[in-house]
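Reader: I have a set of chains on my screen and would like to talk through how they fit together. Could you walk me through it?

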Amino acid sequence: MNNSEHKLKSNKEPRPPKACGWMAEFENEHDLLHAAEKVRDAGYTKTDAFTPFPVHGIDHALGIKPTILPFIVLCAGLTGLCTALLMQWWMNGVDYKYIISGKPFGITPASIPVSFELTILFSAFTSVLGMLALNGLPKFSNPVFTSAKFDRATNDRFFLYVDATDKYYNRESVRELLSSVDANSLDEVMEDSTPSEMPRAILLGALLLVLAGLIPSAIVLNMRSSFSDLPRWHVFFDMDFQPKKKPQQTTTIFKDGRSMRPQVPGTISRGQLEQQDPFYLGYDPMKVTSLDTDKQIYVSAVDSTAASPSLDATVQPPAASPAGGAPNLPFLDKLPIEANEENIKLGKTKYEIYCSACHGYAGFGDGLVAKRAASLAQDTWAPPSSLHLDRVQKQPVGQIFHTISKGQGKMASYASSITPQERWSIVLYVKALQRSRNANIDDVPVEQRGSLTEPTPSQTK
Amino acid sequence: MSSKYDLETIELPAVWRSLKPIFFAAGLILLAGGAFLSLFARGADGSTDAAFRFFMHSYLANFMFVMTIALGALFFILIQFVSRAGWSTSIRRIAELIMTTIPFLALMFLPIIAILFANYNAPYEWNVPAEVHSSVIKAKIDVGYLTKEWFSIRATVYFALWIFMAFYFFGHSRKQDETGDVEHSLARQKWAGPCIMLFSLSVSFAAFDWVMSIDADWFSTIFGVYVFAAGMMAFFATTILISMALQNAGKLRAFVSVEHFHDMGKFMFGFIMFWSYIAFSQLLLYWYGNIPEETYWYQVRLNDGWQYLAYGLIPLHFAIPFLGTLSRHVRRNRFGLTFWACWALAVHWLDMTFLVMPNAGAPSFMPIFGHLLGGIGMLMVFLSFFLVRASNVPLVPMKDPRLPEALTYANPLL
Amino acid sequence: MASISSSYNPREIDNTGDIPGRRAPLITGNQTYTSVTEMVCRVAEDPQPRLWWILFGFSSLTATTFLMLIVFLIYKGVGIWGNMSPVFWAWPIVNFVFWVGIGHAGTLISAILFLFRQNWRTSINRAAEAMTIFAVICAGIYPGIHVGRAWLAFWLLPYPSLNLWMWPQFRSPLLWDVFAVGTYASTSLVFWYMGMIPDLATYRDRSKSPLRRFIYGLLCLGWTGSSRHWLVYEKAYTLLAALAAPLVLSVHTVVSFDFAVSQLPGWHTTIFPPYFVAGAIFSGFAMVVTLLVPMRAIYKLENLITLRHLDNMNKIILATGSLVGLAYGTEFFMAWYSQNQYESFTFINRAFGPYWWAYWIMVTCNVISPQLFWFKWVRTNVVAMWVVSIFVNIGMWFERFVITVTSLSRDFLPSSWGYYNPTMYDGLMFFGSFGVFLTLFLLFCRYLPTIAISEVKGVMSASDHAEHQQAEVLAELQGKEPKHVGHAH
């Protein structure tokens with residue numbers, strides 16, 4: 001006996017022990033099984049066997065029913081699965097949506113790993129805790145601990161036990177029955193006379209431990225809900241005070257006392273070279289006279305914004321030019337690209353993709369968008385210009401390029417969609433379109449003139 | 001004979017022997033019927049070229065349906081000897097007979113080789129380089145991997161390896177039937193390890209060649225494992241069904257007990273889960289990475305009506321059979337286990353359809369019905385092969401020294 | 001068992017030869033239930049050998065150094081490590097994956113081998129499970145201190161952090177890791193503990209001192225060995241095994257997702273999940289061999305942890321090592337087959353780039369060295385297998401190094417390429433984690449049952465029973481007079 005609690009028990013005098021039942025000891029598991037079958041056949045049900053390892057067939061021999069543990073575990077697993085799915089759906093799909101590489105919110109394949117893990121976690125803990133609960137463990141006070149003899153049940157002996165609470169229990173008849181089987185010895189099990197409740201000292205100690213464990217969280221909660229005038233503690237000094245300078249601060253390192261350094265002369269920012277090249281601008285910036293401040297302001301305003309200048313009063317050109325509000329810049333009048341077949345094909349493709357929707361395939365400003373807007377009679381709709389208007393025809397190529405790059409009126413900038421090379425190709429194509437509307441018979445090679453037919457009414461517009 | 005281990009119960013039922021030609025003929029008729037119905041297939045532009053394309057894909061899918069079962073049997077035999085298992089001895093002969101159908105299946109593969117040499121680009125689009133538009137596939141043809149010659153040589157090597165392994169193991173098993181010498185067991189134990197290495201390698205590459213390369217742009221390193229997992233599940237289902245049928249015909253009753261069915265049921269359950277694990281791993285990684293050259297394989301399978309199959313596999317191949325075979329009571333119940341084995345075999349066919357058929361184009365009723373007929377036909381042809389193998393062989397290795405172990409063991413738990 | 005006893009030699013008995021039809025004994029030396037109890041309990045009851053004290057002194061010193069280094073790291077910041085751009089994930093992640101991988105053997109032995117009815121697991125499962133838990137503890141330290149502000153690591157749990165009610169991001173594989181490793185650690189712990197309950201009761205009942213009896217009595221929760229308890233216990237153990245088997249697969253799968261869901265060539269490949277799992281089992285078994293070979297010698301457990309156990313483990317090392325080799329090969333083949341220049345570059349760079357040495361150490365140790373286990377004398381020679389197991393441990397560390405560092409150091413932008421060099425702190429902290437591991441393992445040997453006593457006895461009883469039954473059936477099959485007739489079901 002001398003179980004753990006024994007030395008901690010109070011001084012209360014134990015009452016005389018009561019007999020709990022009979023315990024027979026066996027040398028091996030086969031004898032135990034035979035005896036168990038006998039006891040079962042005699043009708044006893046409050047029986048048990050104590051063995052160092054699970055003896056197979058003992059459930060049948062003692063008439064023990066299968067456990068419902070698997071069913072409980074299945075329920076716990078399903079609970080875990082639902083918990084995980086609900087948690088992920090609510091936390092990431094409803095309450096706080098993260099946008100991660102365009103993946104959908106809510107339940108996705110990415111929710112499966114956590115759901116799987118929680119299913120297992122819930123099931124595993126349920127099987128252990130369920131095992132303990134179904135077995136009534138932990139239980140430190142047990143009649144079988146009362147005799148040192150029974151200690152061998154966890155070593156090399158097998159015990160069969162008939163409990164006194166059995167319906168048919170009779171002290172003498174059970175003793176007779178167990179004497180008839182081939183048992184090593186037979187003993188009466190006495191009640192554990194030591195107190196079965198937990199000693200006060202342990203309870204008190206546990207209570208104190210729990211209370212002590214609450215102290216840190218109580219301090220944190222108190223700090224979070226109160227205000228303090230004291231400066232904060234700097235635990236990580238080098239994180240709070242880092243040896244570095246921010247832009248607008250002073251320093252003693254440099255003569256001028258500024259932590260922010262001026263640019264080295266000749267520095268150019270990224271993309272700045274392109275701002276000096278007529279190929280990217282459509283005009284020659286070197287020819288913009290620096291004395292002409294009004295123009296300068298206008299150029300910088302237009303170049304720094306893609307928005308339509310005509311809608312914004314502050315960037316209105318100071319002197320409206322005759323060519324429909326376009327600035328009077330030194331536009332290129334010669335294409336910087338070669339007028340060959342490849343470029344004109346590229347221009348045609350890009351024109352049909354980007355321009356034809358409004359300006360129409362032939363450039364008359366009768367694209368599908370324009371037609372639809374006109375049919376809806378939108379008040380705010382400003383119809384796109386025909387590219388064959390006189391003023392457009394007179395524009396230098398650079399200006400057309402500039403219009404595509406910066407937009408004009410309602411037309412937005414296309415600089416982000418079309419590369420400069422492609423823009424120049426479009427200009428080339430537009431020029432070809434314009435030329436085609438003003439062609440006369442002299443433009444056709446002499447040998448092909450014979451193949452021309454009289455124009456039909458639809459072709460003469 | 002007073003013993004319950006009656007030698008008459010380990011022979012094939014007489015009726016079954018006579019079924020061989022019937023199964024073979026009926027199978028071929030069904031295959032032909034399937035081929036006829038695939039004539040109804042039409043391409044997106046209404047062209048009839050799609051019919052041939054559809055039939056070739058259908059043939060490949062149905063071929064893989066039975067081929068994976070036979071490969072599963074081969075792996076099962078190898079792993080039994082690697083692990084020195086005893087429990088399986090009394091059902092091992094059935095697996096051996098399934099595995100020795102591989103030479104016949106090699107004949108069934110010949111039409112695919114023939115189609116390659118007839119310069120058709122179905123089911124393998126890379127076969128006609130002139131019609132290949134993808135630069136990646138062109139590169140694979142140029143480096144000499146995806147060419148009909150190399151493809152055929154590799155297929156020959158795979159089949160040679162499998163046939164050699166199958167007959168090495170089967171030969172020892174048959175010799176042991178006569179002598180009962182333990183040397184035959186020891187020899188197989190000795191070679192099972194190296195054979196498993198060769199098997200894993202060859203099955204992986206066969207899966208890459210035969211199934212993955214129908215979409216020659218696409219690649220997935222896990223693909224071989226996927227096909228292997230699917231085949232193992234189908235193999236256990238097939239063995240369960242054959243043993244059940246034999247017992248219903250009055251055979252093997254003393255040899256194959258509820259414990260064997262329970263164990264095979266566990267393995268089937270395990271491979272249902274393993275398949276799901278592999279399929280999910282592949283899906284998750286490609287879904288998450290979201291790289292076009294990887295996701296388009298799923299794109300093809302999630303459009304044109306194939307999405308019903310793709311999404312359907314989640315409940316049909318995982319959730320429902322998983323819950324269905326979760327309980328040991330179901331696995332120990334004859335009807336329950338038969339039902340789920342039939343289910344597993346059916347979803348294995350769906351799985352092979354999912355791997356192959358979407359590349360043939362959008363599904364329509366008649367050709368898909370023809371594909372189903374072809375599947376049943378292929379299974380019947382496969383069964384006729386099995387019956388040919390089983391006709392003159394005892395169904396239990398009576399003199400295997402591990403037989404007593406198989407006849408006495410019990411599943412204490414689970 | 002009897003046939004062996006004539007040639008009984010307490011040091012080594014070769015019980016690896018398994019004649020078909022007659023299983024070789026799992027434990028040697030005519031053991032009885034009493035002698036098994038005696039042999040195992042002796043380990044904790046007798047005074048520890050001098051070697052134990054030497055090892056413990058050394059390992060606890062190393063562990064203390066490690067803990068001090070962690071404090072220093074938290075104070076100074078992760079800058080003391082060699083992690084740099086573009087190799088932001090370096091040794092800490094390598095060490096994490098290394099230790100988690102080692103932590104796979106225990107639960108594999110307890111769960112998967114249990115489901116496959118591999119009775120030989122009973123002698124080694126306890127020590128392997130303990131090793132698993134200690135390895136997972138070592139693994140858990142690295143991500144914890146790698147997050148930078150380690151005192152806020154609890155934000156990884158579903159806790160609405162920063163008063164913003166901001167939840168964790170559940171689509172991140174690193175968060176899956178938290179759940180997977182957390183579940184694995186806690187489930188392995190309860191699995192280990194539950195398995196120990198009957199053996200702790202044995203320890204309790206053998207205790208002479210009241211304090212020991214009190215502590216073991218408390219730990220075993222009042223276990224009596226009641227058959228009614230055993231039945232529920234066995235069911236629970238089986239359920240745990242069935243749950244832990246997919247769990248053990250999922251953990252390294254999720255670890256592989258850390259890499260594989262990215263788009264980095266060399267990481268983004270679908271074979272990663274099963275390949276990582278095979279690698280984890282491989283390294284875990286190698287570590288079990290590394291630990292058990294000295295342990296059985298020090299505590300004279302050769303009769304319980306026999307050559308057959310070691311032989312079987314070595315076969316598993318061979319099988320998983322070859323699987324890992326197959327995966328390396330598949331990756332290389334697919335890099336070539338895909339005709340994708342990034343994939344091809346990554347793999348050529350691995351083998352012949354600046355980290356060629358790491359790659360070839362990995363191949364030598366992981367693929368070539370376990371091939372020695374094809375020879376039976378290597379599998380059954382304790383010194384040879386110990387050396388191979390060390391090589392495998394080294395190789396598996398380098399595998400994670402190769403995967404992490406070579407891929408990161410050569411990313412898509414050549415201008416950011418770099419060469420990673422670890423610092424002194426990287427090395428000391430890796431070394432220090434071994435101190436933690438070894439200290440915990442030595443304490444385990446000292447105080448807890450190192451072998452599952454009740455399970456060994458259960459297997460002894462079951463194999464006796466099976467031998468009887470098989471003899472009866474064999475007589476019947478050979479046409480002798482059958483003892484009983486009737487159908488099997």
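Author: Happy to; this is a predicted model, and we can take the chain contacts, then a sheet, then a helix.

Reader: Which helix of chain A gives the most to the side of chain A that touches chain C?

Author: Let's begin with the whole contact, which takes 61 residues from chain A and 55 residues from chain C. On the chain A side, the elements giving two or more residues are strand 2 (47-50), helix 2 (58-62), helix 3 (69-95) and helix 4 (112-135). With 17 residues, the one that gives the most is helix 4 of chain A.

Reader: Thanks! How many nonpolar residues are on the side of chain A that touches chain C?

Author: The residues there divide by class. Ten are charged and 16 are polar, and the nonpolar ones number 35.

Reader: Now chain B, please: which helix gives the most to the side of chain B that touches chain C?

Author: Here 43 residues of chain B meet 40 residues of chain C. Helix 5 (135-142), helix 7 (182-210), helix 9 (258-289) and helix 15 (403-408) of chain B each give two or more residues. By class, that side of chain B has six charged, twelve polar and 25 nonpolar residues. The top giver, with nine residues, is helix 9 of chain B.

Reader: Which strands stand at the edges of the sheet in chain A?

Author: Four strands of chain A form an open, antiparallel sheet in the order 2-3-1-4. A strand at an edge has a single partner, so one of its sides is left without a neighbour in the sheet. Those at the edges are strand 2 and strand 4 (185-190) of chain A.

Reader: And what is the bridge partner of A:Gly21 in strand 3 of chain A?

Author: Strand 1 (residues 19-26) and strand 3 (residues 158-163) of chain A run antiparallel and are joined by six bridges. For A:Gly21, the bridge partner in strand 3 of chain A is A:Asp163.

Reader: What angle does helix 1 of chain A make with strand 3 of chain A?

Author: Helix 1 (residues 29-41) of chain A packs on the sheet, where it touches strand 1, strand 2 and strand 3 of chain A. Its direction and that of strand 3 of chain A make an angle of about 15°.

Reader: Lastly, which helix of chain C helps cover the buried residues of helix 3 of chain A?

Author: Helix 3 of chain A has 27 residues and reaches 36 Å, close to the 39 Å expected. Its buried residues include A:Leu69, A:Val73, A:Gly80 and A:Met91. What covers the buried residues includes helix 4 of chain A and, from chain C, helix 9 (227-260).

How values were computed
Residues numbered from 1 in each chain as written. Chains lettered and ligands numbered in written order. Predicted model: local features only at pLDDT ≥ 70, side-chain atom pairs only at ≥ 80, totals over all residues. Contact = placed C-beta atoms within 7 Å. Nonpolar A, V, L, I, M, F, W, Y, C, P; charged D, E, K, R; others polar. Pairing = 2+ DSSP bridges. Axes fitted to C-alpha atoms, helices over the stretch in contact; angles between N-to-C directions. Expected span 1.5 Å × (residues − 1). Buried ≥ 20, exposed ≤ 12 C-beta atoms within 10 Å, placed from the backbone.
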